Amino acid sequence: MNPLVRRAAALGLACSVLTGVTVVSGAQAFAEAGPGTTTAFPPLNPAALEAAIQTRPGDGAAGAVVRVAEPGRLWTGSTVDSQTGRKIPENAHFHAGSISKVFETTVILQLAAEGRLDLDQTVQHYLPGLLPDTFAPVTVRELVDYTSGLPDVDEGKPADGVDDTIADRYSYRTFDEVIQDTLRPADRPWPGPHFDPGTKQEYNSLAFRIGGKLIEQITGDSFRDEITGRILDPLHLDQTSVPEDDPEMPRPYLHGYMTDSQGDAVDVSEQGGTPSNMISTTADLDHFITALLQGRLLPAAQQNELFAVPKDTEGKPVPFVGGTSCDKVACFGAGLMSTPLPNGTVLWGKTGHDDGYANGMFATRDLSIRAVYSISNLSPDFSAPSPLSNRLLSAVLNPSAPQGH
């Protein structure tokens, strides 16, 4: 597979529901778009998509739910849960993982548009004393475009074994607890910055825990209330929630599993996390990415921040370090990641992982292709590309090709 396709598949896709489009499943017929509709992608092929998402030995997956769409065409599908033997409902809920970073970034950009927050002002200004004195000033923009240089969550802490992770899955930490446990740990040296803010890009979750605290500081409301009032309620995303410390899953849901040291799949669907954890469905993430890319949530200036990949003094993207997500060159704007495809188009969106779940939400800026998926992920390795998502993207880009094993 082309390395760009492989990278895109590892990261995911996104889709939208368009007014007047008939939703169909499996190999049913598509509702065709009206005359004059154009797309850079081949027509969706239900049979190819259905074949692509079926879990296979080696996938490290127990099942999946998927939505893929082009203008006027929408396909939805799901697999059987390999652990229960039951078909997974296409409206199943799942833990969205780091897709919540896009919701958080949207709220921060809304606050900037309202004049309540300055993207060029520092964390030290808004939250004095939060960062140790060893850290240079970090701007709000640098929090959300992954150029903060901050250490990542729990950096330096010995990795938990899979059995410990499973046993501890109900644990819940506030933003303050995550920040302090990371920056001022009691049982190990305090971590320092990775690089001068703004000079490089590196994937980072601590910056978004600080961003969540910043939202609460600026507004006086909880993260959940701000996400709900600003995004979920206006867009009628009534299947999406910010559960905070409530581990119960809304029904129906995709069961998330982790494989323990004995090789058994343990259901970890109910779990704790942090105040920014979110639960959603493919349809709701559909509507969200569509509204966001259509400019319905942000004014033009803040909308542009989503796609503003940070540049150096020569106008070139800064280096990407500390991982393989962007192939050594910055590819994130504010919250969103860009992924070029072989046909010259670019996907924008986000992946998300929680224990037992691997998700993707991506779309082109003109919404000529959109897809959302959630995979019940048996592997604890969040960095490994998903064979299932690889096949899904291949089925979208080249639906006539055989879907390899």
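In the hairpin formed by strands β9 and β10, two residues lie between the strands, and Gly 356 adopts a positive phi near 90°. The structure is a predicted model. Strand β9, residues 346-354, pairs with β10 in the antiparallel sense, and eight bridges connect them. One of the residue pairs across this ladder is Trp 348 with Ala 363, the latter in β10.

On its other pairing, β10 is joined to strand β11, residues 370-377, by seven bridges, again in the antiparallel sense. Here Gly 360 is placed opposite Tyr 373 of β11. These two strands also form a hairpin, with five residues between them. The turn contains Leu 367, whose phi is positive at about 60° although this residue is not a glycine. Leu 367 has a relative accessibility of 8% and therefore counts as buried, the cut-off being under 20%.

Strand β10 itself spans residues 357-364, and eight of its eight residues are buried, so the strand is largely enclosed by the rest of the structure. Cover extends to both faces: Tyr 357, Asn 359, Met 361 and Ala 363 are buried on one side, and Ala 358, Gly 360, Phe 362 and Thr 364 are buried on the other.

Two residues of β10, Tyr 357 and Asn 359, are among the contacts of His 95. His 95 belongs to strand β4, residues 94-95, and is buried at a relative accessible area of 3%. Leaving aside residues up to four places away in sequence, His 95 also touches Met 249, Ser 269, Gln 271, Met 278, Ile 279 and Asp 354. With Ser 269 there is a polar approach: a polar side-chain atom of His 95 lies 2.7 Å from the backbone oxygen of Ser 269.

Further backbone features occur in loops. Most residues other than glycine have a negative phi, and most peptide bonds are trans. Tyr 146, which is not a glycine, has a positive phi of about 65°. This tyrosine is located in the loop between α5 (140-144) and α6 (162-167), and Tyr 146 is buried, with a relative accessible area of 1%. The peptide bond between Arg 251 and Pro 252 is cis, with omega at about -5°. Pro 252 is situated in the loop that lies between α9 (223-232) and β5 (257-259).

Helix packing was examined for α2, residues 46-53, and α12, residues 387-397, whose axes are 8 Å apart and make an angle of about 170°. The two helices are therefore roughly antiparallel to each other, a class that requires an angle over 145 degrees. On the α2 side, the residues that meet α12 are Ala 48, Leu 49, Ala 52 and Ile 53. Their counterparts in α12 are Leu 388, Arg 391, Leu 392, Ala 395 and Val 396.

Concerning confidence, the pLDDT of the protein chain averages 89, and 88% of the residues score at least 70. Residues 1-39 have a pLDDT below 50, and this stretch has 124 contacts in the model beyond near neighbours in sequence.

Notes. Residues are numbered from 1 along each chain as its sequence is written. This is a predicted model: local features need pLDDT of at least 70, side-chain atom pairs count only at pLDDT 80 or more; totals for chains, interfaces and linings use all residues. Side-chain values use heavy atoms; hydrogens and water are left out. Buried means under 20% relative accessible area, exposed over 50%, partly exposed in between (1.4 Å probe, protein chains only). Helices (H or I, at least four residues) and strands (E, at least two) are DSSP runs, numbered from the N terminus. Two strands pair if DSSP finds at least two bridges between them. A polar contact is a pair of N or O atoms within 3.5 Å; within protein, one must be able to donate a hydrogen and the other to accept it, and residues adjacent in sequence count only if both atoms are side-chain atoms. Contact means heavy atoms within 4.5 Å. pLDDT is the predictor's confidence in each residue, from 0 to 100. Axes are lines fitted to C-alpha atoms, for helices over the stretch in contact, and angles run from 0 to 180 degrees between N-to-C directions. Angles under 35 degrees count as roughly parallel, over 145 as roughly antiparallel, 65 to 115 as roughly perpendicular and the rest as oblique.
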